[in-house]
Amino acid sequence: MADALHTDAPGRGPSEVEAARQAFQEALARYRDVLARSQERDALFTTISGDPVEPLYVPDDPGPDYLEKLGFPGEYPYTRGIHPNLYRGRLWTMRQFAGFGTAAETNARFKYLLRNGQTGLSTAFDMPTLLGYDSDHPRSLGEVGREGVAIDSLEDMETLFDGIPLGEVSTSMTINGPAAILWAMYLVTAEKQGVPLEKLRGTIQNDILKEYIAQKEWIFPPEPSVKLVVDTIEFGAERVPQWNPVSISGYHIREAGSTAAQELAFTLADGFHYVEACLARGLDVDAFASRLSFFFNAHMDFFEEIAKYRAARRIWARHMRKRYGARDPRSWRLRFHTQTAGCSLTAQQPEVNLIRTAYEALAAVLGGTQSLHTNSMDEVLCLPTEHAVTLALRTQQVLAHETGVANSVDPLGGSYLVEALTDRLEAEAEAYFAKIEETGGVVAGIRDGFFQREIADAAYRYQQEVEQGRRLIVGVNAFQQEEEKPVEIFRIRPDLEREQAERVRRLRSRRDGEAVRRELARLRRAAERDENLMPYLMDAVRVYATEGEIADALREVYGEYREAAVV
Amino acid sequence: MSEKIRVLIAKVGMDGHDRGAKVIARGLRDAGMEVIYSGLFQTPESVVQMAIQEDADVIGISILSGAHMTLLPLIREELRRQEAEDIVLVAGGTIPAEDVSALKREGVVEEVFTPGQSMEEMVRWIRQRVEASPASYARG
């Protein structure tokens, strides 16, 4: 492919090439200067043989578009990374996703992970919590505590973080439809621990657009849902400045079967939609953009994945700067968390999943992720056992401390293959942006099933490739084993659901019912007046209104969303 | 020629993971079956109701949330109550082997298709099962 070579573009005169070389040398000098002032971790930055490894490698004779396309880490357009020395300064956050059963059980798993060297918490909630129902709601039957922890009220949130200093640990919460409600519970829990909101660090996923596109856990229709997201962004910018109020997520888009280009394009398009919604509220782009964070998948195609992260950074930087007029460089930087691909794991020979996860994790790190979750080998069968989750964490630790990949930034930058893939993914994403614009924007695309159809098509094509044996999956359509060894299965206690339902019923009889009615009424009125709901949600949570009651109050105002099923 | 086999692919409960359901729906359609997809968040009652209305030969429940041991027996119960037990009930998704045996042993579902199983096997199983069933002869 000719464009892979980055040869001098036709029509450029020798003086332009010379000017580009000059600019490169100046940028390099600037970068070296920044590097000299950067802190480094206490680690050996040498090969095992003892040779030094440089923080960054650059071409001797860069092409004229080097600065425009690649530049230097920590500099626009951030293709090579958002920090000058990346993991030499600080390793990525090792953030394993955990949550099951009751708040008390998940609290114990959190403490186990922290004792074992995990550096951030990540919370999985059960389906009723994700959809805004209490544990004793008839629709919650069979679902309580199964795919995550059941949180009905502030009482459960306090138990979940009991003995965990919220001022010191950074917490991620995978919650979307009711994110504002759960965040309010978290903020009040922190207040009760005596931690000022300004000190809190963490992330709520809070990306409702990808729910309609892929993950399918919503409560309200798109418009009021996006309004709630903007409420959290606005409140965060003013009161919780170190918090990431939204983690714009491609992970689930990919898990639903999208291609890498679709994951990239749809995720960034969602991001642009939130930016535009915030601008429409009257917020200054530089007041909130730096707190928007991203969440990508790490699938099996090693080089395509690395290229995807690099393209994402470059596209985001350019759009934020040129299209939305952000002036603060922090608004241009795309920071992201990565999770290895759950959908790449196989039920057959589950131990092989350790190997898949390790390669995927390597791609994420070579792509410059800020935070990483490595899936446990048994996740395709059940929630992870303690043994499996420990091995998943060890996978990251081996990568960080033994392989040397954390020694330099963007080690594959300049690879003909990786640069060509990066350019191609960028071009495919731009083509999708144009298509989305044609359909009338992200919300219109959701409502008429554009995204859902694109993803379903890609999922079906992939499945056919596997069925026809053109794409080999070890253990599934190649190298099968006659006898599969039984694996240990993690099970949720059967009486848990009854206990949790009982707990929320007891809470309702114990608390000040009058105060709950009053706060819910205030919340409803504020929703009708389109005010920022965060303060009202915190007040409702404080008097122990349950998640289901709060969601119901908002359902009365906003209604519920129903999807037109697309196959 | 007998009429096409009719299959209702359904999601019950709160689980929104619909990739598998959609891939299966298309695969069965490509194999020449008449496929109805329920959309998300169905109840056991609404699934059975839909199957009866659509005159389905087979209900395929796709489930990944771990709620299978609660929801699948409720669907079986509803089929019994509606006297619609001629409809074949199968399931697919993340269901541990132990649970698969229990569900089949207790007559809740006739078959469970787990991750990695091929479309071809599924199509063959459904064809054999429906064509062997007296209910479908009566209708065909």
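How many residue pairs, both at pLDDT 80 or more, are in polar contact between chain B and chain A? The count is eight. Keep in mind as you read that this is a predicted model. Now for where chain B does its share of the touching. Four of its helices, H1 (19-30), H3 (68-81), H4 (97-105) and H5 (119-132), each supply at least two residues of the side that touches chain A. H1(B) gives the most, with eight residues. Sorted by class, that side of chain B has 13 nonpolar, twelve polar and ten charged residues.

Let's put an area on that contact. Chain B brings 35 residues to it and chain A brings 41 residues. Between them, about 3000 Å² is buried, and carbon and sulfur atoms give 55% of that. On the chain B side, the residues that lose the most area to chain A are B:Met14, B:Arg19 and B:Arg26, which together make up 29% of what that side buries.

There is also charge pairing across the contact. Side chains of opposite charge can pair when their charged atoms come close. Between chain B and chain A the count is two salt bridges. One of them to look up in the viewer joins B:Asp18 to A:Lys216, where the closest N and O atoms are 2.7 Å apart.

Next, take chain B by itself. Its secondary structure amounts to six helices and five strands, and from the N terminus on these run β-α-β-α-β-α-β-α-β-α-α. The radius of gyration of chain B is 14 Å, close to the 14 Å that the globule rule gives for 140 residues, so this chain is as compact as a globular protein of that length. If you prefer a box, the C-alpha atoms of chain B fill one of roughly 40 × 35 × 30 Å along the principal axes. Of the 140 residues in chain B, 56% count as buried. Among contacts in chain B with a separation of 6 or more, residues 24 or more positions apart account for 69%.

The backbone has a few spots to check. Most residues other than glycine have a negative phi, and most peptide bonds are trans. In chain B, B:Asp55 is not a glycine, yet its phi is positive, at about 60 degrees. B:Asp55 sits in the loop between helix H2 (44-53) and strand S3 (58-63) of chain B, and with a relative accessible area of 33% it is partly exposed. B:Glu83 is another non-glycine with a positive phi, here about 50 degrees. Its place is the loop between H3 and strand S4 (88-93) of chain B. Is B:Glu83 buried or exposed? B:Glu83 is exposed, with a relative accessible area of 72%. Over in chain A, the peptide bond joining A:Tyr76 and A:Pro77 is cis, with omega at about 5 degrees. A:Pro77 is found in the loop between helix H2 (66-69) and strand S1 (93-94) of chain A.

Back to charges, this time over the whole structure, where a search of all chains finds 62 salt bridges. In one of them, A:Arg510 pairs with A:Glu155, the closest N and O atoms being 2.6 Å apart. That pair links distant parts of the chain: A:Arg510 belongs to helix H18 (residues 496-510) and A:Glu155 to helix H5 (residues 154-160) of chain A, 355 residues apart. The two ends sit in opposite surroundings, since A:Arg510 is exposed at a relative accessible area of 53%, whereas A:Glu155 is buried at 19%, with under 20% being the cut-off for buried.

A:Asp423 and A:Arg314 form another salt bridge, also with the closest N and O atoms 2.6 Å apart. They come from helix H15 (residues 416-439) and helix H12 (residues 302-323) of chain A, and are 109 residues apart. Here A:Asp423 counts as buried at 11% relative accessibility, and A:Arg314 counts as buried at 3%. Salt bridges that share partners also build one network out of A:Asp134, A:Asp136, A:Glu502, A:Arg505, A:Arg508, A:Arg511 and A:Glu549.

A local pair makes a good last stop. A:Lys227 forms a salt bridge with A:Asp231, with 2.7 Å between the closest N and O atoms. Because A:Lys227 and A:Asp231 are four residues apart in helix H8 (residues 222-239) of chain A, they are separated by about one helical turn. Both A:Lys227 and A:Asp231 are buried.

Notes: Residues numbered from 1 in each chain as written. Chains lettered and ligands numbered in written order. Predicted model: local features only at pLDDT ≥ 70, side-chain atom pairs only at ≥ 80, totals over all residues. Heavy atoms only, no water. Contact = heavy atoms within 4.5 Å. Buried area = accessible area lost by both parts, 1.4 Å probe. Salt bridge = Lys/Arg side-chain N within 4 Å of Asp/Glu carboxyl O. Polar contact = N/O pair within 3.5 Å; in protein donor to acceptor, adjacent residues only side chain to side chain. Nonpolar A, V, L, I, M, F, W, Y, C, P; charged D, E, K, R; others polar. Rg over C-alpha atoms; globule rule 2.2 N^0.38 Å. Buried < 20%, exposed > 50% of the residue type's maximum accessible area, 1.4 Å probe, protein only.
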